[in-house]
Each structure stands twice: as structure tokens, then as C-alpha cells.
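Here are my notes on the model you sent, set out as numbered points so that each can be checked against the coordinates. Please read them with the structure open beside you.

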Amino acid sequence: MSVEAASVAGIAAELAPRKAPAPVPAPPLAVLLELTHRCPLSCPYCSNPLQLVGMREELATADWLRVLDQAAELGVLQVHYSGGEPTLRKDLPELLRHARALGLYCNLITSGVGVTRERLQELQQAGLDHLQLSIQDSQAAGADRIAGYAGSHERKLALARWCGELDLPLTLNAVVHRHNAERVAQMIELALDLGAGRLEVAHTQYYGWGLSNRAALMPTRAQLDAVTAVVEDARQRLRGRLTIDYVTPDYYARRPKACMGGWAQRFVNITPDGKVLPCHAAETLTELRFDSVRERSLGDIWRDSDAFVRYRGTDWMPEPCRGCERREIDWGGCRCQALALSGRADTLDPVCEKSPDHARVRALAEAESAAPAPEFVYRRLRTTGAKAATD
């Protein structure tokens, strides 16, 4: 599960209990709209695909408005606006107003760079209910190095404080890796100082650009254990003041996560050019064809698309998944990760201790984290005016 996807799942899970899959699927709880892949940052852990969608290929305003209508008709409760950087879309206020008129809960997932106080207030008045802001570190030097953008950290802090002034609920997403793991305690204190109601401490998940930078980002087991201890202590100490979600790195796990609550069961993702995906990284499964909202309705795709039906529920599962007591808890784990680590999407997630590939995955993590970190491979699709940080 991508970092961004985990954030959406954490917020969405509070609004509805898990339901068992049915022959006719229940409507998705939330839809993630990737409005654009354009972004002023170049984060090496970005889970967006290596082949990014260009501006000319993005859905038009009318397309997104139609998608919102179809989402409401399908029974979706939440809309999460993401990217890239969604605030680069000039029509974002219009999309928020339309979603608000449909009674949909609106969440914005943003880098915060380039958003003025006036722009934030405009978005809030248009219908924004909640804002998720990514932070790369507790210190400007480390944060700007990861973002590939000088001054990004200070801009993020300013946006967070404006959320407090405007009484706009705020979640901070802190992405953790080998270069900032020792400062998780400081990031927790930063969340308190900025008035966030929720903090997600999420170890990097390796998809897209993150997979290309896995060797540079993989934490050691000692770092993981230290971060876990810090988070657990803070959860107890700050109960009632700050909600802390925690996403561990899969490569050290004994059991897989239920990616997006199970393939095509609770969430749906729409790319900038209109492809409808069961999860953020699903296009890595190249044997599947993903339908577009340009050609079919969202409801039709959700209910009947082959890509959605293929791994929904448990019928697709091989042994030992089919006979496992956790088959309707973790749903076999992540299909994209299974493909990346074992070469097959239709097998159990190799991070599961029951997988024949499990020991190899653990050894890979330990070897990469022990080796000197290679240079980052930055994503370089930039908007006009972005400036690079000096390393």
C-alpha cells in the first residue's frame, strides 16, 4: 500500500466498519481522485508510476464533474483529492463545490508548496472538510533534501498554521525511511506544535519511484524497532491529544497488510487520465486492462470490470491463502507487491511468513539497509518556477 493510500484508508476506516465481500459488491467507501501528476516536489519515495501523465492528457473539468456525479450515485461517501499536487488544478474550487452539493466529504492531500493563505481559504469556502499535509522531516535541511525543493519545509509549516487559524482539520503525513528515522520523536512534537489532530507515521512503501529508490530508503531493523517504540510510547502519552496512525515497512513483516482494505472492496482510485484502479499502484499489473471513465461509468467499472473482479474476495486465492484463518483479514496482501517480489500477482504476498519467498524478502531488506545508501533517483516532472534544493 502506498503511503498516500494508507493515509486515505486511516481516515476512511473511522467512518464505516469493515464488511465482508458479497457477490454484488457494496459501494466503495471512498474515491481517490488523482487530479494531476504535476508536482513541485521530486520526492524519491513517491509512489506515482515512473511514466507520469502529462498535463495535456489530464481529464477536463467536465469529466471530473461527471465522475463526482457517478461517485455519489454509486454510494461513495468520501472524495480525496490528490496528485501530484492537486492545488495546481485551477478548477479545484469548482470540483469541491460540486462535491459539497452532492453531500460528499472532501479531503485534500497536498504537498503544501505554493498554497497561499488566500487560496486555502478559497478551498475551505468551496467545501474542503479536511487537509492532509506531507512532511519529509522535522528539520528543514533534511526535508528539503528529500523534497528536492529549497524552502519547502517552511512553506509546509506556514500552511499548517493557516489551517489552525481557519479551524480546518489537519492531518500530517510523515514518511519515514533510513534518512529520518531517528527524528520521528521530533516529528511527533512538530505535529503537536502545529495543532494537527492526526499524525500518520508511515514507513516508505516501495512502488513507483519508491521502488527505484528502495536501496537508498530501506531502514535497518534497529531503526524500525526504535521508531516503533517511539510511536507506541507517544500513542499512550498523547491519547486524547493526537491520534497517531502507524504504517510499518512490509519487508520486515511476518504478515501482510490488507491493501486498501482488500482489492476492489472499499476504495477506488482514478488516475489523471481517467483510468479506474483498485489501488494506487495497480497499473504495475500489466496483464490487466484498466477501464477509463472516458469510456464506462464508474459504477459499471466498480461492479463488473475484469480488473476489479479478478482479485476481489477469496475465490482467486491459492493455498495456503485459501485455507488461512486470515484470508478475510488481509485478503492475501498486496497484489502489486506479490508481483514485484515473486514475479506473480496471483500468489500470496511474499512478506507473509507462509510464503516460500519470505526469507528472501527479509534478507533483501537486511542487505539493502546495511549497505551504503546510493544516491536518490528524483522524479523530475516539475511545474514552472520550482527550484531544486542543494544536497
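**Notes on the predicted model**

1. Over residues 25–241 the chain is 42% helix and 16% strand, and the C-alpha atoms at the two ends of this stretch are 37 Å apart. The stretch is the one that UniProt, in an unreviewed entry, lists as "domain: Radical SAM core". Please keep in mind throughout that this is a predicted model.

2. The same kind of record, again an unreviewed UniProt entry, places the feature "binding site" at Cys39, Cys43 and Cys46. Cys39 is found in the loop between β1 (30–34) and α2 (61–74), and Cys43 likewise lies in the loop between β1 and α2. Cys39 has a relative accessible area of 8% and is therefore buried, and Cys43, with a relative accessible area of 8%, is buried as well. Leaving aside residues up to four places away in sequence, Cys43 touches Gln136, Ile146, Ala147, Trp209 and Arg379.

3. Thr36 is another residue of the loop between β1 and α2, and because its relative accessible area is 0%, Thr36 counts as buried. A polar atom of the Thr36 side chain lies 3.0 Å from the backbone nitrogen of Arg38. Beyond residues up to four places away in sequence, Thr36 touches Glu58, Ser82, Gly83, Gly84, Glu85, Pro86, Arg89 and Pro272. With Gly84, the C-alpha to C-alpha distance is 5.5 Å, although Thr36 and Gly84 are 48 residues apart in sequence.

4. Gly84 deserves a second look, since the peptide bond from Gly83 to Gly84 is cis, with omega near 15°. Gly84 is found in the loop between β2 (78–82) and α3 (92–101). A cis peptide bond also joins Glu319 and Pro320, where omega is about 5°, and Pro320 is found in the loop between α12 (306–310) and α13 (335–342).

5. How do helices α5 and α6 pack, and at what angle? Helix α5 (residues 140–147) and helix α6 (residues 152–165) have their axes 8 Å apart and pack at an angle of about 105°, so that α5 and α6 are roughly perpendicular to each other. On the α5 side the contact is made by Ala140, Ala143, Asp144 and Ala147, which meet Ser152, His153 and Glu154 in α6. The residues of this contact divide into three nonpolar, two polar and two charged. The buried residues of α5 are Gly142, Ala143, Asp144, Ile146 and Ala147, and the buried residues of α5 pack against α6. Two of these names, Ile146 and Ala147, have already appeared among the residues touched by Cys43. After α5 comes Gly148, with a positive phi near 70°.

6. A positive phi is also found in residues other than glycine, and the setting should be checked in each case. Asp167, with phi of about 60°, is found in the loop between α6 and β5 (170–176), and because its relative accessibility is 66%, Asp167 counts as exposed. Ala264, with phi near 60°, has its place in the loop between β7 (243–247) and β8 (267–270), but its relative accessible area is 1%, so Ala264 is buried.

7. Finally, Gln205 sits in the loop between β6 (198–203) and α8 (209–212). Its relative accessibility is 3%, so Gln205 counts as buried, and a polar atom of the Gln205 side chain lies 3.3 Å from the backbone oxygen of Thr248.

Note on methods:
Residues numbered from 1 in each chain as written. Predicted model: local features only at pLDDT ≥ 70, side-chain atom pairs only at ≥ 80, totals over all residues. Heavy atoms only, no water. Axes fitted to C-alpha atoms, helices over the stretch in contact; angles between N-to-C directions. Helix = DSSP H or I, 4+ residues; strand = E, 2+ residues; numbered from the N terminus. Parallel < 35°, antiparallel > 145°, perpendicular 65-115°, else oblique. Contact = heavy atoms within 4.5 Å. Nonpolar A, V, L, I, M, F, W, Y, C, P; charged D, E, K, R; others polar. Buried < 20%, exposed > 50% of the residue type's maximum accessible area, 1.4 Å probe, protein only. Polar contact = N/O pair within 3.5 Å; in protein donor to acceptor, adjacent residues only side chain to side chain. UniProt positions renumbered as here; feature names shortened; annotations may be inferred.
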